Amino acid sequence: MGRSTYSHPNALANSSTSPGIPTTFRDLGLHPPIVSALQSAFPNVQYPTEVQAKFIPAILGGKDVLLKDATGSGKLVLRTIWLLLRGITIDLLDPKTGEQRHITSLVLVPHRDLAYQLYNWIERMTSSADPLPLMPTIAQVLVRDGHTHLTTGLQTLRDTPPHILIGTPQAIHDIFQEDAQALQLTGLSTVVVDEVDYLIETIPKKDPNKSFRKAFEKASRKLLAHPGVTRELLDIIYVKRKEINERRRDEPGLTQHRRTSTSRVGDGTAPQLIMSSATLRSHLRNYLFEESGWLNRDQVVKVKGMKRAVEPENVHDDSLVSDNGVVNIEGAVPAEIRKAEDGKADPEMLFGPSAALEPPEIDARMVGKYADKPSPFNPNAFEAIATTFALEVPSMALLVLPSTAPSQRAVYELREMGVNAHGLDVLGRNKGQGDLGVRDNPILLVSTMATTRGMDLRELTHVFMLGIPESGKMNGRTVDGYVHIAGRVGRFGGGGKVITVIEQGEELKMKRILETIETRPVELELFD
Ligand SMILES: Nc1ncnc2c1ncn2[C@@H]1O[C@H](COP(=O)(O)OP(=O)(O)OP(=O)(O)O)[C@@H](O)[C@H]1O
């Protein structure tokens, strides 16, 4: 593929070694088979972005990495490459006969759909290997998904330990409590914490004036009592590192063992730690560097990309729901309606190679479950979404509901309105073999704010957000939540539209979010 494929502002324009020629993945030290696997799975990924070019040498050098770059800038792709390097090179490219298989990489992700997406990307990258590896030996997923009981996952883990174990912190923690040996934590080479600001909560330490101090102290006490499972897991895995870091506080001259990229906990060091997100607030960074004790302070690299988390190409259209209907938010500026690029959804690009999708229907189960029960959703909001979807979406859109909203119920109601709606989870759970259909009919995927972070849905042109993320008091988490959900479009230099449907009374919050990310609301012509 030629150089004209560079559309992303973050893609490398010049190589440090050969001016004018983009740095290649090989130049960065990646094994040629890994590069081939990457490019046959993702033909669009030909050259590394600037951040990818910084990240790869850092991880190859065994450093701990804190990675921050805009949504849709290629962080997950990077981590997948790294996991493959860890898993596949050991197993397929440099086979050591007789070596007992063990888990080398642990990946903590915020929700099951992201776990499955990562798994399917790994599967796609290994699909050109010869001989074809058995996926359970390469990667496994451990999540609570209401379909497979964790005990089944535990048994597979015991019988066939994978190189890469992907899971939600809660599921991994549950397995740890049931059978710590099965996780083989002492043999780990790498720990990846995805969407770290979502998984590890920290509190901003502002100058405590009188009114603020009480709230800060209360939040600190709460966090001390409930640190969260991700912290607990990392405290267990990095117990030795924490001790070293604590000793260093008393003996400032003390240095840690230099880690090579293949060393493990058993060699006297802790596993390499990679943490990433599009939004890393300073209080979290300070916690990670100064307090957590997990990082190798001698060998930690911060890799930072563009400041802007929402691509300027995005159009933000914001509607407001009232009791009588839907109106545009006050202050929205008129805009030419941008016709989204025409194109058909390609479910294979979403989750995996075997996505065969069936048309939807309102099955009897759904009718029996929901028909007589009052809807928890505002009918005006759903009508606004269904109308906009019908008139504007060429191929695929995503509706993101509040974290606790019943997404199946939303699917039922939208289907009743004639919308080709599907739960997002159906793609991940069955590797795309769920009840979706490749069809002329555009698709509306339905998820919740708790299950949307990090998902890469390449065909998406519109994101509908029902309500403001992390509603309650407006703070940094609210803005970050919005950025992550809005960031499902406008990925890697692409365009897209974000339509937020809010209740009366939430206008001020919405305006503050948009001001913070320096975006102006744009009128939706369909509404007054
Ligand atoms: N070097 C590259 N060249 C071209 N496309 C790329 C490159 N790296 C990643 N992409 C594409 O960019 C899209 C977004 O990548 P990815 O999901 O890794 O982003 P992300 O930074 O993890 O996003 P988020 O912060 O939302 O989780 C993917 O569809 C991927 O194929």
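1. A quick definition to start: two helices count as roughly perpendicular when the angle between them is 65 to 115 degrees. Keep that range in mind for point 5. Also remember that what you're looking at is a predicted model.

2. Let's begin with the overall layout. The domain assignment splits the protein chain into domain 1, covering 19-304, and domain 2, covering 315-516. Where the two touch, domain 1 puts in 27 residues and domain 2 puts in 22 residues.

3. Which elements give two or more residues to the side of domain 1 that touches domain 2? They are α4 (112-126) and α9 (196-199). Helix α4 supplies the largest share of that side, with 8 residues. Sorted by class, the side of domain 1 facing this contact has 8 nonpolar, 10 polar and 9 charged residues.

4. Now for something from a record. UniProt lists residues 23-53 as a short sequence motif, the "Q motif", in an unreviewed entry. In the model, that stretch is 45% helix and 0% strand. Its end C-alpha atoms sit 8 Å apart. Try finding both ends of residues 23-53 in the structure above.

5. Back to α4, which has a helix partner too. Helix α1 (residues 32-41) and α4 have axes that come within 8 Å and cross at roughly 115 degrees. Here's where the definition pays off: α1 and α4 are therefore roughly perpendicular to each other. The crossing of α1 past α4 is right-handed.

6. Which residues bring α1 and α4 together? From α1 you have A37, L38 and A41, and these meet R124, M125 and T126 of α4. By class, the α1 and α4 contact has 4 nonpolar residues, 1 polar and 1 charged.

7. A second helix pair is worth a look. Helix α7 (residues 169-178) packs against helix α11 (residues 229-237) at an angle of about 50 degrees, and their axes are 9 Å apart. That angle makes α7 oblique to α11. As for handedness, α7 and α11 cross in a left-handed way.

8. To see this contact for yourself, pick out P169, Q170, I172 and H173 on α7, then V229, T230, E232 and L233 on α11. The classes in the α7 and α11 contact come to 4 nonpolar, 3 polar and 1 charged.

Definitions and conventions. Residues are numbered from 1 along each chain as its sequence is written. This is a predicted model: local features need pLDDT of at least 70, side-chain atom pairs count only at pLDDT 80 or more; totals for chains, interfaces and linings use all residues. Domain bounds come from an automatic or database domain assignment. Two residues are in contact if their C-beta atoms, placed from the backbone, lie within 7 Å. Helices (H or I, at least four residues) and strands (E, at least two) are DSSP runs, numbered from the N terminus. Ala, Val, Leu, Ile, Met, Phe, Trp, Tyr, Cys and Pro count as nonpolar, Asp, Glu, Lys and Arg as charged, and the others, Gly among them, as polar. UniProt positions are given in the numbering used here, feature names are shortened, and annotations may be inferred rather than shown by experiment. Axes are lines fitted to C-alpha atoms, for helices over the stretch in contact, and angles run from 0 to 180 degrees between N-to-C directions. Angles under 35 degrees count as roughly parallel, over 145 as roughly antiparallel, 65 to 115 as roughly perpendicular and the rest as oblique. A crossing is left-handed if the near helix is turned anticlockwise from the far one by less than a right angle, and right-handed if clockwise.
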